[in-house]
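Biologist: Before we go into particulars, I should like each term you apply to be justified by its value and its cut-off. Shall we look at the model together?

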Amino acid sequence: MKRTVAALVARGADTETASRLATGGWTVGKLRVATAEQLNALGLSDELKSQLLKGGRPPIPIDNAMRVLHRNRFQCCVCRDPSKPIILHHLDPWVMSHDHSDNNLAVLCLDHHERAHSVSALAKNLDAKTLRSLKLQWEVTCVEEDRLSIIQASRLDYDAWLYFNHFRLFELAKQLRISLTKLEGFTAAKTQGLADASGNLCSRKSTYSYMYDDVLGMTLYHYVRAVLEAVIERITVINFSDLLDRGTAHQLLATGDFAIVQGAHTFARRTDKKKTGKGDVMFGTRRANNVEFRFTFDRWEATSCSAWATWLSGRQSVASLVQVKDVLREGGDAIVAATVIAISNGHHSLQQRNYSPRYGRYIFYDANDDEEGDDDWDW
């Protein structure tokens with residue numbers, strides 16, 4: 001979804017019409033100065049033409065539009081068919097509500113958008129109450145599928161997790177009121193002296209090259225992995241893996257949010273190159289399309305020798321589960337300062353969000369595709 005497409009969708013166009021106009025070289029600015037004959041030749045609806053003209057309905061703020069589109073996986077909340085063009089529908093009509101907020105916007109295909117604007121004596125009407133319910137159900141489903149996709153992707157390779165931020169992970173488990181003693185692997189961990197009676201981890205020898213560097217490493221991994229999965233099952237994770245964009249970083253991410261980022265990461269050592277054991281501080285980054293995720297971690301908490309020696313150094317294709325601390329602007333870049341919760345090898349199925357086809361992508365920022373008056377996009 002290019003910038004022009006997003007700008008047109010925010011003004012009431014459906015995605016098919018917006019894509020067709022953008023492909024034909026039309027921008028909002030050009031459409032505003034086009035003649036009536038040109039607009040008619042483009043096959044635009046009277047409603048869209050009126051919204052493109054000066055003095056028409058103001059566009060939906062891009063932040064609001066992208067949040068709603070992303071939460072609904074760019075699919076109609078009624079039929080959930082990824083093959084259909086979509087449009088943003090005001091639940092309470094704009095003419096009466098003047099409300100562009102997320103709560104008043106629903107993603108509909110053209111068929112169900114037409115039904116939402118009509119009344120039938122034979123079929124169930126798509127009134128505001130019905131659509132709000134369907135929207136909520138679909139958004140909950142999207143959150144669940146995003147969450148489960150992370151767990152399922154890692155289960156394809158049992159030892160996929162390369163690193164755990166143990167302090168933050170168990171802190172989250174406490175905040176989420178997870179009963180550690182009921183998790184798979186707890187009994188074995190307690191029996192082997194790896195966890196206390198409450199499920200908290202016991203100290204590991206600081207002389208180890210890495211935290212899991214002994215015969216009990218797999219027992220510890222089995223338990224901590226169960227803690228991570230229990231945490232993931234209780235939080236909302238934004239899949240920010242595919243085609244990062246500096247605009248969507250500010251639109252979709254906020255302090256405290258959890259995100260999964262899959263792709264090429266760079267890990268650089270921040271400490272003495274000869275250092276082993278605790279305090280082996282690494283700086284991790286994932287950069288693409290003017291967005292950079294940044295975090296630090298102690299490589300001593302690696303889960304295996306290969307993770308410690310290879311996968312958590314240099315440039316590697318991995319997935320990092322992070323909690324956002326801040327989203328900053330640095331020159332023309334969006335910098336996401338984060339706390340890493342875990343790092344995994346693999347998760348390639350998440351990179352293109354294949355479980356949400358077609359429109360489950362982010363906006364490309366095209367510097368040559370400027371829109372007159374679209375201050376929402378200025379940096």
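Modeller: Let us begin with a turn. This is a predicted model, and in it S8 and S9 form a hairpin with 2 residues between them. In that turn, Gly 331 has a positive phi of about 65°.

Biologist: How do you know that S8 and S9 pair?

Modeller: Strands pair if there are at least two bridges between them. S8 and strand S9 (residues 333–345) are joined by 12 bridges and run antiparallel, so by the cut-off of at least two bridges they pair. One position to inspect is Val 322, whose bridge partner in S9 is Val 340.

Biologist: What makes S5 a partner of S8?

Modeller: The same cut-off of at least two bridges applies. Strand S5 (residues 258–269) is joined to strand S8 (residues 314–330) by 10 bridges, and the two run antiparallel. Ile 260 stands opposite Leu 321 in S8.

Biologist: Let us turn to the helices. Why is H1 called oblique to H2?

Modeller: Helix H1 (residues 3–10) and helix H2 (residues 15–23) pack at an angle of about 135°, with their axes 9 Å apart. Angles over 145 degrees count as roughly antiparallel and those of 65 to 115 as roughly perpendicular. The angle of about 135° belongs to neither class, and therefore H1 is oblique to H2. The crossing of these two helices, H1 and H2, is right-handed. H1 contributes Thr 4, Val 5, Leu 8 and Val 9 to the contact, and H2 contributes Thr 15, Ala 18, Ser 19, Leu 21 and Ala 22. Divided by class, the contact of H1 with H2 has 6 nonpolar, 3 polar and no charged residues.

Biologist: Why is H10 called oblique to H12?

Modeller: Helix H10 (residues 166–175) packs with helix H12 (residues 217–232) at an angle of about 50°, and their axes are 10 Å apart. Roughly parallel requires an angle under 35 degrees, and roughly perpendicular begins at 65. The angle of about 50° meets neither condition, so H10 is oblique to H12. H10 passes H12 in a left-handed crossing. His 166, Leu 169, Phe 170, Leu 172 and Ala 173 of H10 make the contact with Tyr 223, Val 224, Val 227, Leu 228 and Val 231 of H12. The residues of the contact of H10 with H12 divide into 9 nonpolar, 1 polar and no charged.

Biologist: What makes H1 mostly covered?

Modeller: Of the 8 residues of H1, 8 are buried. They are Arg 3, Thr 4, Val 5, Ala 6, Ala 7, Leu 8, Val 9 and Ala 10. The cover over the buried residues of H1 includes H2, helix H3 (28–32), helix H5 (46–52), helix H6 (62–71) and S1. After H1 comes Gly 12, with a positive phi near 110°.

Biologist: Why is Thr 248 called buried?

Modeller: Buried means under 20% relative accessible area. Thr 248 has 1%, and therefore it is buried. Thr 248 lies in helix H13 (residues 246–252). Thr 248 and Met 66 are 182 residues apart in sequence and 7.5 Å apart in space, C-alpha to C-alpha.

Biologist: Why does His 98 count as exposed?

Modeller: Exposed means over 50%. His 98 stands at 54% relative accessibility, so it counts as exposed. His 98 is in the loop between H7 and strand S2 (105–109). Its phi is near 50°, a positive value in a residue other than glycine.

Biologist: Why is Asn 289 called partly exposed?

Modeller: Partly exposed covers values between 20% and 50%. Asn 289 has a relative accessible area of 36%, and therefore it is partly exposed. Asn 289 lies in the loop between strand S6 (281–288) and strand S7 (291–298), and its phi is near 50°, positive in a residue other than glycine.

Biologist: Why does Pro 93 count as partly exposed?

Modeller: At 36% relative accessibility, Pro 93 counts as partly exposed, because partly exposed lies between 20% and 50%. Pro 93 is in the loop between strand S1 (86–90) and helix H7 (94–97). Pro 93 and Ala 128 are 35 residues apart in sequence and 9.3 Å apart in space, C-alpha to C-alpha.

Biologist: What proportion of the residues of the protein count as buried?

Modeller: Of the 379 residues, 51% count as buried. The protein has 14 helices and 9 strands.

Key:
Residues numbered from 1 in each chain as written. Predicted model: local features only at pLDDT ≥ 70, side-chain atom pairs only at ≥ 80, totals over all residues. Heavy atoms only, no water. Helix = DSSP H or I, 4+ residues; strand = E, 2+ residues; numbered from the N terminus. Buried < 20%, exposed > 50% of the residue type's maximum accessible area, 1.4 Å probe, protein only. Axes fitted to C-alpha atoms, helices over the stretch in contact; angles between N-to-C directions. Left-handed = near helix turned anticlockwise from the far one by under 90°. Contact = heavy atoms within 4.5 Å. Nonpolar A, V, L, I, M, F, W, Y, C, P; charged D, E, K, R; others polar.
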